[in-house]
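Student: Could you pick one part of this fold and look at it closely with me? I would like to see how that part ties in with what surrounds it.

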Amino acid sequence: MATRLGLGLPQMRQYDIGKDVPDVARAAERIGYDSLWVFERALFPEPATQGLYGIEGLPWPDEYRNVAEPLVTLALAAAATERAELGTSVLVAPLHVPFQLARTLASLDAASGGRVVAGFGTGWSHDEYAAASVRPFAERGQALDELIEVCRAVWGPDPVTYDGHLTKIASAVVGPKPARPIPVLLAAGSGAARRRLVDHADGWLPVGMGAEAVAGQWRSLRELAAERGRTRPIRTVLRVNARHRAATVDGERDPFHGSVDQIVDDLAAHAEIGLDEILIDLQGTPRDAEELKDVAAEVYEKARAAGI
């Protein structure tokens with residue numbers, strides 16, 4: 001069975017969001033992509049007080065200077081498409097008020113006919129937390145726990161009740177409801193995050209950093225699920241941040257950096273792990289939406305020809 005393929009929507013500053021998001025979404029659906037995805041980057045600190053991903057000395061990519069709000073982007077894509085799933089990889093959970101986010105996702109799912117996939121993470125940027133978070137950085141795990149619980153409550157039957165740290169719902173009717181249960185996927189890196197995923201989420205959102213590393217993480221996650229008695233399958237969507245131009249580090253090419261053929265070779269290696277879906281985000285290097293569509297079509301065609 002072929003691996004499902006998703007495409008990252010254009011959110012960066014070289015794109016005309018109102019025009020290019022619907023255009024790329026429609027094109028991706030025509031090409032055959034199974035899903036469309038957004039990510040969240042709330043701001044670009046200048047000067048940077050913290051390296052990318054919290055790694056000291058690692059610079060933020062320049063394209064992060066202007067990233068469109070993810071759920072607005074996804075709503076534009078929803079209105080322009082009929083079939084493709086609509087996912088977030090990821091929303092930084094503590095930057096959102098849980099009740100309001102739950103209602104927004106439910107409305108988007110209802111409007112799109114049941115196509116939303118809710119991907120959450122805790123983030124890493126202290127500057128984003130300072131500007132927008134509902135709880136301190138040290139409490140990010142608890143914030144994600146509450147967000148998941150509030151979403152499940154709000155998406156469930158009325159009357160809705162919930163008594164949490166941030167959210168208090170005595171008893172209320174909350175609508176609209178999702179068209180179907182919205183899958184919750186988590187970007188889980190630490191031990192605590194993996195336990196949260198196994199116990200409370202529907203799936204996992206790894207990042208492509210090399211097939212061997214991802215395969216090792218996937219083995220560990222399945223072993224943990226068995227230890228904790230989970231019998232439900234774990235849905236998997238691998239995020240691939242591809243750069244369609246040659247890029248080298250210490251003389252070696254980074255995974256998913258290079259020509260279309262090189263990107264497809266890396267996709268093939270990761271597809272052998274047996275994950276359900278690969279999200280290919282190509283938007284960083286194209287000059288405009290036309291180039292993005294062309295590259296997306298070429299990657300899709302060559303991936304399917306390679307048996308991915």
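Tutor: Gladly; let us begin with one strand and work outwards from there.

A word on the basis comes before the details. This is a predicted model, in which local features need pLDDT of at least 70 and side-chain atom pairs count only at pLDDT 80 or more, while totals for chains, interfaces and linings use all residues. Residues are numbered from 1 along each chain as its sequence is written, and side-chain values use heavy atoms, with hydrogens and water left out.

The part I have chosen is strand β13, residues 277–281. Helices (H or I, at least four residues) and strands (E, at least two) are DSSP runs, numbered from the N terminus. Because five of its five residues are buried, β13 is largely enclosed by the rest of the structure. Here buried means under 20% relative accessible area, exposed means over 50%, and partly exposed is in between, with a 1.4 Å probe and protein chains only. Both faces of the strand are covered: Ile278 and Ile280 are buried on one side, and Glu277, Leu279 and Asp281 are buried on the other.

Next come the partners of β13. Two strands pair if DSSP finds at least two bridges between them. Strand β1 (residues 4–8) runs parallel to β13 and is joined to it by four bridges; across this pairing, isoleucine 278 has leucine 5 opposite it. Strand β10 (residues 235–241) also pairs with β13 in the parallel sense, over five bridges, and here glutamate 277 is the bridge partner of valine 237.

β10 takes us further out. Five of its seven residues are buried, so β10 too is largely enclosed by the rest of the structure. β10 also pairs with strand β9 (residues 203–204), again in the parallel sense, over two bridges. In that pairing, arginine 235 of β10 stands opposite glycine 203.

From β10 we can step into the largest pocket, which holds about 1600 Å³ of space. On a 1 Å grid over the protein atoms alone, a pocket is an open set of points where a 1.4 Å probe fits, with protein on both sides within 12 Å along at least five of seven lines, and lining residues have an atom within 4 Å of a point. Grid points are joined across faces, edges and corners, and the volume is the space filled by probe spheres set on the points. The lining has 49 residues, and the closest to the pocket's centre are Tyr53, Trp124, Val207, Arg239 and Asn241. β10 is one of the elements that give two or more residues to this lining, along with α5 (140–155), α6 (191–200) and α7 (211–227). The most comes from α6, with four residues. By type, the lining divides into 25 nonpolar, 14 polar and ten charged residues. In that count, Ala, Val, Leu, Ile, Met, Phe, Trp, Tyr, Cys and Pro are nonpolar, Asp, Glu, Lys and Arg are charged, and the others, Gly among them, are polar.

Tyr53 deserves a pause. Tyrosine 53 is in the loop between β2 (35–38) and α2 (70–80), and its relative accessible area of 46% makes it partly exposed. Tyrosine 53 also has a positive phi of about 60 degrees although it is not a glycine. Most residues other than glycine have a negative phi.

Finally, the packing brings us back to β13. A nonpolar core is a set of buried Ala, Val, Leu, Ile, Met, Phe, Trp, Tyr and Cys residues joined through side-chain atoms within 4.5 Å. The largest has 84 residues, with Phe120, Trp155, Leu267 and Leu282 making the most contacts inside it. α5 gives the most to this core, with eight residues. Apart from it lies another core of seven residues, among them Trp37, Val90, Leu185 and Leu279. That Leu279 belongs to β13, on the face it shares with Glu277 and Asp281. Its fellow core member valine 90 sits in the loop between β3 (85–88) and β4 (91–92), and the peptide bond leading into valine 90 from serine 89 is cis, with omega near 0 degrees.
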